[in-house]
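Hi everyone, thanks for making time for this. I'd like to walk you through one structure today, so please have the viewer open and follow along with me.

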Amino acid sequence: MYLVENKGGAIACMLFSLSFLGTWPAIMTLLERRGRLPQHTYLDYSITNLLAAVIIALTFGQIGKDTPERPNFFTQLSQDNWPSVMFAMAGGVVLSIGNLATQYAWPFVGLSVTEVITSSMAVLLGTTMNYFLDDKINRAEILFPGVGCFLIAVCLGSAVHSSNSADNRTKLNSLSRQTQEGATDSSMPKESFSNKGDTENGNTNGIAEKAKAGTADFLVEMESRRSIKVLGKGTVLGLAITFFAGVCFSLFSPAFNLATNDQWHKLKNGVPHLVVYTAFFWFSVSCFVIAIILNITFLYLPVLKVPKSSLEAYLKDWKGRGWAFLAGLLCGFGNGLQFMGGQAAGYAAADAVQALPLVSTFWGIIVFGEYRKSSRRTYILLAAMLAMFIVAIGVLMASSGHRK
């Protein structure tokens with residue numbers, strides 16, 4: 001079994017994890033904006049998310065000599081380590097629910113702000129729990145100022161969302177009645193935004209030219225294609241979903257920490273701790289099971305007025321499936337690398353990967369045109385938010401310790 005055992009290797013794992021975990025939400029958002037049903041996308045994502053854990057377990061988990069202190073993956077599958085397995089699976093459950101919730105929050109709140117709020121909550125709550133679970137191996141005088149930076153970032157993220165929403169309302173209200181064609185006013189019937197075109201190929205109800213990002217026409221065009229309709233709806237629901245997801249994200253890393261280090265002494269004497277690869281395997285299995293149960297349910301009983309679907313329709317829906325598979329792989333390998341780094345340098349320091357909104361915001365601006373033609377106030381708040389994350393990630397990584 002291969003283990004990361006030095007600070008440099010742990011930081012490298014965190015940086016790769018940060019890149020992967022910041023990219024997969026952008027892919028999921030892209031598919032939703034093209035009109036693919038979130039239930040279909042999440043089912044595809046869940047398959048390759050589990051596959052990533054299996055690949056990691058069969059490679060890193062089997063490399064090297066199998067010893068009683070450090071058993072390989074296959075050896076641990078037959079050991080009496082179910083208390084630790086249950087902690088790992090509990091972590092997978094809350095992560096799966098959190099990821100599913102964010103998929104419905106992105107359309108309401110936006111990719112950037114959703115990731116800011118959920119990641120900051122994961123740090124504020126989860127990092128504090130990990131610090132004490134890890135027997136304070138991280139330097140508190142560095143760690144907690146980094147946590148404070150995340151707290152400031154979540155406040156700035158909420159302000160960015162509020163300012164950007166006001167900008168969008170101003171853009172929509174400025175449209176002439178001819179340009180709107182009765183479709184952009186929040187009081188208009190929802191049928192005005194019905195999805196009639198080939199959304200995957202960008203056919204948006206006969207619009208001859210693609211609207212420029214940041215314009216009111218762009219907002220209307222995007223609404224006509226996306227699978228979750230949000231124009232004219234309040235943002236309180238989106239923020240509520242986002243904060244719920246943040247609570248879920250704050251719990252999965254401490255649960256995984258308990259699974260691999262047994263701080264509560266639930267294992268029998270002589271039974272080795274669950275290695276990171278075995279824990280990640282069970283973590284991903286429970287993540288997969290919960291995702292399958294919930295998303296198949298949502299096929300027939302959708303939420304937020306998403307169109308109904310069926311298992312047969314899902315199996316036939318290949319448009320965008322490759323992108324969804326890629327998202328699952330990126331998330332799976334990103335989580336695995338986070339846990340590998342956390343086992344070496346402390347899970348509190350590994351929560352630096354929760355600065356993933358730096359990457360997500362980059363994709364949001366470049367790919368989705370978020371914040372284009374926004375007000376000066378929005379730009380200032382956005383810059384301040386990103387600056388806080390840059391500071392936070394450096395401070396949390398600097399707090400890295402070494403597990404004995």
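Let's start in helix α11, which covers residues 311-316. E312 and K316 sit 4 residues apart there, so about one helical turn separates them. Their side chains meet in a salt bridge, with 3.1 Å from N to O. Both ends face outward in the accessibility numbers: E312 counts as exposed at 53% relative accessibility, and K316 is exposed too, at 61%. While we are on charged pairs, please also find R36, D44, D317 and R321, which are joined into one network by salt bridges that share partners.

A quick word on the source: what you are looking at is a predicted model.

How many salt bridges does a search of the whole structure find? The search gives 6. Let me show you two more that I like.

The first is E32 with R226, where the closest N and O atoms are 2.8 Å apart. E32 belongs to helix α1, while R226 is in the loop between α8 (216-225) and α9 (236-261), so this pair ties together parts that lie 194 residues apart in sequence. Are these two residues buried or exposed? E32 is buried, and R226 is buried as well.

The second is D80 with K268, a side-chain salt bridge at 3.0 Å, N to O. This pair also links distant parts of the chain, 188 residues apart: D80 comes from the loop between α3 (73-77) and α4, and K268 from the loop between α9 and α10 (276-300). D80 is partly exposed, with a relative accessible area of 37%, whereas K268 is exposed at 57%.

Now let's go back to α1, the helix that holds E32. Helix α1 takes in residues 7-33, 27 residues in total. From its first C-alpha to its last it reaches 40 Å, and the expected value at 1.5 Å a residue is 39 Å, so you can see that the two are close. After α1 comes G35, which has a positive phi, near 100°.

Another residue to click on in α1 is A12. A12 is partly exposed, and its relative accessible area is 34%. What is the C-alpha separation between A12 and L337? It is 9.0 Å, although A12 and L337 are 325 residues apart along the chain.

Next, a helix pair. Please bring up helix α2 (residues 38-59) together with helix α4 (residues 82-109). Their axes come within 11 Å and cross at roughly 145°, and the crossing of α2 past α4 is right-handed. Which residues meet here? On the α2 side they are P38, Q39, T41, Y42 and Y45, and on the α4 side S96, N99, L100, Q103 and Y104. Sorted by type, the residues of this contact are 5 nonpolar and 5 polar, with no charged ones.

My last stop is T278, over in helix α10. T278 counts as buried, at 0% relative accessibility. Leaving out residues up to four places away in sequence, T278 touches F73, Q76 and L77.

To recap the charged pairs: E32 and R226 are both buried, whereas E312 is exposed and so is K316. That's my tour, and I'm happy to go back to any view you'd like.

Note on methods:
Residues are numbered from 1 along each chain as its sequence is written. This is a predicted model: local features need pLDDT of at least 70, side-chain atom pairs count only at pLDDT 80 or more; totals for chains, interfaces and linings use all residues. Side-chain values use heavy atoms; hydrogens and water are left out. Axes are lines fitted to C-alpha atoms, for helices over the stretch in contact, and angles run from 0 to 180 degrees between N-to-C directions. A crossing is left-handed if the near helix is turned anticlockwise from the far one by less than a right angle, and right-handed if clockwise. Contact means heavy atoms within 4.5 Å. Ala, Val, Leu, Ile, Met, Phe, Trp, Tyr, Cys and Pro count as nonpolar, Asp, Glu, Lys and Arg as charged, and the others, Gly among them, as polar. Buried means under 20% relative accessible area, exposed over 50%, partly exposed in between (1.4 Å probe, protein chains only). A salt bridge is a side-chain nitrogen of Lys or Arg within 4 Å of a carboxyl oxygen of Asp or Glu.
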